[in-house]
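Work through the two exercises below with the sequence and the model at hand, and compare each step with the solution given.

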Amino acid sequence: MSVYAKPLPRLDDANAPFWAAAKAHELKLQKCADCSTLRFPATRHCASCGSTKSGWEAVSGRGTVESWCRFHQVYFEGFGTEVPYTVIVVRLNEGPRLFSNLVGASAGGHESEIEIGLPVDVYFDDVTPEVTLVKFKPAT
Amino acid sequence: MPNRSLSRAYAVAGIGNTRYGKLPEYDAYDLGVWALHEALDDAGLAVGDIDGLIINRIADYQRFGEIIGLNPRYCTITPGQGRFSGHCIETAVAVLEAGLAEVVALVYGNNGRSGGDRYGGASDLYGSGGAGLWFPYGMTSPGAFHALMAQRHMSLYGTTSDQMGLVAKTFRDHAALNPAAVMREPYTLEEYRHSRFIVEPLHLLDYCLINDGGVAMIITSAERAKDMKSEPVAIAGFGMATELAGSTFPPDDFWHGAGAKAAQDTYEMSGISPPEMDGLMIYDNFTPTVLFCLEAFGYCPVGESGPWIEEGRLALGGASPANTSGGHLSESYMQGWALNVEAVRQLRGQCDERQIEGARHIQYMTLAPMVTSIVYASEVA
């Protein structure tokens, strides 16, 4: 069994519900209990209304690519065999954004398809028995 | 509304800098002290004449005061981010106007090269401090953040890699005329195209340098500055705006919104507008920032910066000569400070081979989550 060598998320208290949902193959974002604004990364205070009351809500997992770039420089040892790899910014249909990877891109399958506005669907990548990363694939 | 009474009421009375490059025998304090002494000599002042001290990037103001043996009446320190150079200069004016000090020294020291600074990787905090959250996807570094912005600009407006390359090449050509610059060897656009990608679409030559150095400025009232040793240069106007909300992610407007606000205040306070600028000093952390800046500050319409800079507009002899020192890309990564000093030198006519003939107004601009701009003028009130 190969050892997973890439950086893993720091499972802090604030973001724990996000990673727990991902492990269950659900995309959840923090939602203000007062003004209903969705947010991520997790914070104590809602940036829209200042409320400290919040919960976590499942979202569609659909969004569009806002931009992308390709890493040639190796910043993390675990990515050393994967360069060049692609990082995307996804704008979820519900508004918040995430940095992520486009599944298939590094294998060459979808590289030519990347463009701004490309519709994508969430893809859950079980990278270790404990951790699932939230990635995206071109929408079908 | 900007306070127009501030226009030309304060001036740069002294400037100083160290050598740039690799200076392993100096720490950031040493570099700051070195630059400060140069600036004091330039103004004809002594350490004891300073009653306001603004420190940037050097780790500790207390230690710095101890080293130079000074108990300033007013003292503050700012984070080691390049966007704070313009901020510090604007703060100096505010401190003077409020009567909290009469002679303010601004001191910057950076031993990033010898200190082994790295941007990107496990220690990266860029992007609202939450960078670590995205390491599992391989996302890291200010360079990647700007690469994402560049790619979006290319896709939306047809901006090309060659246009970014032209920015880099132009500044290198300027550095070739600047004996103080770290990187002075000119290159062709073809060589730019073949330089390795760091985070595509950005090549190595789209990135600023990492090096050691220090810069200092002395700012005081225009009245006092006139009696000092060197020719004063007026602070004709300035502006600041921020885009902090949502700033974990690249701004989808390339910071044009905040830039336009800072631009409006700068032009209103100074009474000077883009067509009247003789030279530009643009915060060139990465080449695309130069393009976004020209759009945000009204030099060209949004999306048209790529074609606008073609035909040598930013080169010495062009309509809007920019970063005549070579900037962060080729002179030295002094996080805006050396660009402000270059503005002063241009207006004093001290730039020898790279002098902009008859320069009267120079605009400094930085585009980031905190946007600042300063217009310097050779005529003091």
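**Exercise 1.** Determine in which order helices and strands follow one another along chain A, and assess its overall dimensions.

*Solution.* Read along the sequence, chain A follows α-β-β-β-β-β-β-β-β, that is, one helix and eight strands, where helices (H or I, at least four residues) and strands (E, at least two) are DSSP runs numbered from the N terminus. The model is predicted, with local features needing pLDDT of at least 70 and side-chain atom pairs pLDDT 80 or more, whereas totals for chains, interfaces and linings use all residues. Residues are numbered from 1 along each chain as its sequence is written, and chains are lettered from A and ligands numbered from 1 in the order in which they are written.

Next, take the C-alpha atoms of chain A, which fill a box of roughly 45 × 35 × 25 Å along the principal axes. Their radius of gyration is 16 Å, which agrees with the value near 14 Å for a compact globule of 140 residues (the rule being 2.2 Å times the number of residues to the power 0.38).

**Exercise 2.** Describe the side of chain B that touches chain A, and find which strands pair across the two chains.

*Solution.* Start with the contacts (C-beta atoms, placed from the backbone, within 7 Å): 30 residues of chain B are in contact with 29 residues of chain A. On chain B, helix H4 (142-157) and strand E5 (197-200) are the elements giving two or more residues to this side, and H4(B) gives the most, with seven residues.

Then turn to the strands, which pair if DSSP finds at least two bridges between them: two bridges join strand E4 (residues 62-71) of chain A to E5(B), and these strands run antiparallel. Within E5(B), Val199(B) is the bridge partner of Phe71(A).

Methods: Two residues are in contact if their C-beta atoms, placed from the backbone, lie within 7 Å.
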